[in-house]
Amino acid sequence: MLVILLQIHTIYTLSVAVTANSASMSMSTPPVPCLVEQASSLLRLKHSFSSAVGDLTTFQSWIAGTDCCSWEGVSCGNTDGRVTSLDLGGRQLQAGGGLEPALFNLTSLSHLDLSGNDFNMSQLPSTGFEQLTALTHLDLSDTNFAGSVPSGIGRHSGLVYLDLSTSFYEYDYDTENKALHYSYSIWQLSVPNMATLLANLTNLEELHLGMVNLSASGAGWCNDLATFNPKIQVLSLPYCSLGGQICKSLSALRSLRVIELHYNHLSGSVPEFLASAFPNLTVLELSRNKFEGQFPPIILQHKMLQTVDISENLGISGVLPNFTEDSSLENLFVNNTNFSGTIPGSIGNLKSLKKLGLGASGFSGILPSSIGELKSLELLDVSGLQLVGSIPSWISNLTSLRVLRFYYCGLSGPVPPWIGNLTNLTKLALFSCNFSGTIPPQISNLTQLQMLLLQSNSFIGTVQLSAFSTMQNLTVLNLSNNELQVVDGENSSSLMALQKLEYLRLVSCRLSSFPKTLRHLNRIQGLDLSDNQIHGAVPEWVWENWKDIILLNLSHNKFSSLGSDPLLPVRIEYFDLSFNNFTGPIPIPRDGSVTLDYSSNQLSSIPLDYSTYLGITRFLKASRNNLSGNISTLICGKFRNLEVIDLSYNNFSGAIPSCLMKDVSKLQVLNLRGNKLAGELPDNVNKGCALEVLDLSGNWIEGKIPRSLVACKNLQLLDIGGNQISDSFPCWISALPKLQVLVLKSNKFTGQLLHPSYDTVDGNKCTFIELRIADISSNNFTSTLPEGWFMMLKSMMTRSDNEALVMQNQYYHGQTYQFTTTTTYKGKSMTIQKILRTLVLIDISNNAFCGTIPESIGDLVLLLGLNMSHNALAGPIPSQFGSLKQLESLDLSSNELSGEIPEELASLNFLSTLNLSYNMLAGRIPESSQFSTFSNSSFLGNTGLCGLPVSKQCSNQTETNVLHALDNDFEDVLLFMFTALGFGIFFSITVIVIWGRDSTK
C-alpha cells in the first residue's frame, strides 16, 4: 500500500511541475498587440458616434497609439492582434450617419454587440456583413435601424446567435387605457424573404426578430425554420406580423427551449405536439393571436414548462387539467380566452407558481382554497361571471402578492378589512363584479399601492378624495360607476401628498362641481369626470397646470364654457367634450390632439385656421351641433392622418369637396348624414381607398353614385338614402367584397333590380356575398323581382361564427366608433345606433315592382325583417316563407296578392309584426298562438278573409273547403255549359244544313 501511495505522489508531483512549466512558458510569450489597421477602423467607428449622447465613458480608453485590444468593449485573438469581439451593447450611443462601413474591416469578429444604441433610422448597409466570415454572435437589438435586413447576414453558416429585435412592453394605465411601449417604431426592419435569410444559418441556436416585419413570408415562415435551422433552441418572433398556422414540421426542431410568438396573427388550433416534441421546452408564449379550438390540456402538464401564456385568444377554449407536484410552472396565463369550468384544487400543487392569470369569463364555481397555499404567488388575476361567493379569506395568506385582480366576475359582498394587511400590494383591482358596501378604511394601509381600481360595482357611501392621501405612490385611481358620492374632503391640501397621481377616473360619482383639489395634481396624465352633473365653466387653472396630458374626458355633464380662449394652450391626446352645453366656436388644443369629440353640444362655427392644429388628429366627431356653411377645402391638406370624420346632423351646405374623397388612404369613416349638402358626388376616389363607412344620407345630393367607389375594397356600410340621386341599381357595387349594409332608399333610382345585361352565371357582377341589410325602398324601381338576385345574397343564408357581434371599429385610447344606419323595421322608421351582425333586413317597399314574389326568398333563413309593401306584386304568398324561422317582421301590404295565407306562416314563432292589409287574399286566416297576437289591422282590405281576428266568420264547413268546392262546382258548370253550348251549336248547324238540303230538293 505504501508503494502505491508513493507512486501516486510521484505522478502528482510530475504533473504539477509540467503545469507550472507550461504556465511559465505562456507567461513568457506576451499576446500580439492590436494591428494598426484594426485600431484605425475602431477609431473611425468611434468618430461616427456623437460625443454628447450616451455613456461618455465608453471611449475614454480608445486613444490612438495605444493597444486597441485593451480598449473597453474590445477583445482580440492572442496570436494575430485582430479584433475578435466588439461589445458596445447598452451604451445609449447615437450615430446620426448610420453604421460606419469601417466596421466591416474587422473581418475576424466572432462576437458583435451594438444593441441599445441609436442609429437614427438609418438603413442597414446592404453589403459588408458578408465580410465578417467568423461571426457567431450578432446582436443589433434596439438599434433603431430601418429598411430591409441585408442578405449578407444570412451567409454566415457559423452564426449561433442573431438578434435584430426591438423591445416592447404593454403598460396598463388602467383597464381602459393600455399602451404598448417600444424602443423605436414598429416594423422598421423587414425581411423580404425568410428562406433567403435562414437558408445558410444551419448552426443557429437563438433567433430574436421581435418587431421585425416578416409578413412577406406569408404562412411559409414556419416551414422555412423547420427546414433550415435544425439546431434552433430559442425562437423569439413577437410582433412580426406572422400569419398562418403553426406547421406540423416545426415538431422536428427537438432542441427548442423557448417559443415566443405573441402579438401576431396566427390562427388555427394550438398543436398538441407542443407537449411532446420539445422535451426541454420552458417558455411557450402564444398570447394575442387568433388561435381557436380546444387547447390541449396536456401542454399544461409538461414537466419542464415554466411559462405558458395563451391570453388574449378569444377563440381558444379549454379547461384546466389536474396539476401534479412535479410541475415547474412559474407563470400561467389564460386571460381573455374561452376557458371554462371549475378551477381545480390541484392548482395548489404548483408550488413554484409566481404569476397566475385566470381571467377567463367562463370560469365557474368556487375558487379553490388550495391557491392560498401558493406562498410564492406575486400576481393573482381572476375573472368568471359564474364564480360565486365573496372574496375568499385565504387570500390573506398570500403575503407575497404584489398584484391582486378580481374583475368581470360573479363574486359579491363587501371587501374584507384584512385587505389592508396585504402591504406588498402595488396593484389592487376589484372591478366589474358585484362587490358592495362601503370601501373599507383599512385600504389606506396599502402604502405601496400604485394602482387602485374599484369601478363598476355597487359600493355606497361618501368618499373623500383626501382619504387616499396616505398612498403616496398611487398613480392610478378609479372609483367610477358605483353608487358613491365623491367630494373634495375637509382637508383638501392633503391631496398634495398624491403628487404621483397620473390617472383619475370619477365617472358617475355624483359630482356637481369641478373638484378644486385637483389643481394640486401637477402630474395628471388622464382625467375622466364624465357622466356627472358638473355645470358652469371649466376652471382656468386646468389649462394652466396641465399643458400636456393624454386624456381629458368631460363628456355627459352640463358645462357651458371652457373658461378660456377657444385656442387652448395645451396638448391633449384624447379630448372629449361631447354631450354638454358648450356654445360658440369649436375649441382646439393648440399643440394638437389625436382624438377630438365635440358631439351633441351647441357649437356654431369652425375657426378659419382650425385645420392648422389638426396635423396629428385621427378621430374627429362634431355631430349634432349647429355648424353651418361650406365644408372647407382646407380640411384636405391638413387631415392626412384622419381615420374618422363625423360631422353628421349639422347645417353644412354646398358641395362635398372633391379632395375629401380623392385621397382616403387612411380615412375609414366619413359621416356627413343629416346636413344640407348638395351637388353631385365627386367621382375621383383613388386606388388604396380605406373607407369602411360612407354615410351621406339625408342631404340634397344629386347625380349618380360615383363609379370610382369601387376602389374602396374595405367598405362595409354605404348609406346614401334620402337624397335626390338619379341612377340605376348599382350592381357594380357588388365588387366590394366586405359590403354589409346598402341603403339607397328615398332617392330617384329607376329601372330593374337586375338588368338582363348582367351575367349572373359566369361572373359575380351582382353577387353581394356579405350583404345583411338592403334598403332600396321609396324609389322608382320597376319590372319583376328576379329570382336569381335573391339567391346571390349568401350572407343571408349562412352565418359566420368568426365575426364580432357589433359592427364597430376600435381606435386610439379604446375609442369605439359604432356603425349606424336608418331603416324601417317592424313598421317604424328607426336609427339603429348599434348594428348587430345578426340583423338581416330587406326593404323594397314603395316602388313599382310587379309580378310574383320569388320563392327563393324562402332560402334567406337569417332574415329578421322583410318589407315588400306598396308595390304591384301579384299572385300567392310563397309557402317557402315558412322556412324563415328567424323572421320577426313581415310587411306585404298594399299589393295585389291573392290566394290564401299559407299555413306555413303560422309556424313562425318569432313573428311579432305582420301586415298583409290591402291585398286580395281570401280564405281562412291560419290559427296559431303567434297569429292570435295580431290585430284586425294586419288583415284590413282583404274582403275574402275570414276567421279571427277579422269580423267575418267562416262557415261551419271550412271556408277553404267551401271555396274549393265552389271552385270545383264552378269549373264543372263551365265545362257543362261549354259542352252543352258546343253540342247545341253543332246540333243547330246540323239541323240548318239538313234543312237547307231538304229545301233545295
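A residue is called buried when its relative accessible area is under 20%, with a 1.4 Å probe and protein chains only. The legends below refer to a predicted model.

**View 1. The surroundings of His208, a buried residue of strand 10****.** Because the relative accessibility of His208 is 15%, this residue counts as buried. His208 belongs to strand 10, which runs over residues 206-208. Leaving aside residues up to four places away in sequence, His208 touches Tyr161, Leu162, Asp163, Leu164 and Ser165, and it also touches Val234 and Ser236.

**View 2. The side chains of His208 and Glu206, with Leu140 as a further reference****.** A polar contact of 2.9 Å links the side chain of His208 to the side chain of Glu206. Leu140 lies 68 residues from His208 along the chain, and the C-alpha atoms of these two residues are separated by 9.9 Å.

**View 3. An open sheet of 4 strands in the order 24-26-28-30****.** The pairing in this open sheet is parallel. Strand 24 (412-414) and strand 30 (483-487) stand at the edges, and because each has a single partner strand, one side of each is left without a neighbour in the sheet. On average, and with direction ignored, neighbouring strands of this sheet are turned by 30° against each other. In general, the strands of a sheet pair through backbone hydrogen bonds, either parallel or antiparallel.

**View 4. The pairing of strand 24 with strand 26****.** Strand 26, made up of residues 434-437, pairs with strand 24 in the parallel sense, and the two are joined over 3 bridges. Gly413 has Phe435 of strand 26 as its bridge partner.

**View 5. The annotated segment at residues 38-76****.** An unreviewed UniProt entry carries the annotation "domain: Leucine-rich repeat-containing N-terminal plant-type" for residues 38-76. Over this stretch the chain is 26% helix and 8% strand, while the C-alpha atoms at its two ends are 10 Å apart.

**View 6. The whole protein, as context for the close-ups****.** The secondary structure of the protein comprises 10 helices and 67 strands, and of its 1001 residues 51% count as buried. Among contacts with a separation of 6 or more, 58% are accounted for by residues 24 or more positions apart. The accessible surface of the protein comes to about 42,800 Å², and carbon and sulfur atoms hold 53% of this area.

How values were computed
Residues numbered from 1 in each chain as written. Predicted model: local features only at pLDDT ≥ 70, side-chain atom pairs only at ≥ 80, totals over all residues. Heavy atoms only, no water. Buried < 20%, exposed > 50% of the residue type's maximum accessible area, 1.4 Å probe, protein only. Contact = heavy atoms within 4.5 Å. Areas by Shrake-Rupley, 256 points an atom, 1.4 Å probe, with all protein chains shown as cover. UniProt positions renumbered as here; feature names shortened; annotations may be inferred. Polar contact = N/O pair within 3.5 Å; in protein donor to acceptor, adjacent residues only side chain to side chain. Pairing = 2+ DSSP bridges. Axes fitted to C-alpha atoms, helices over the stretch in contact; angles between N-to-C directions.
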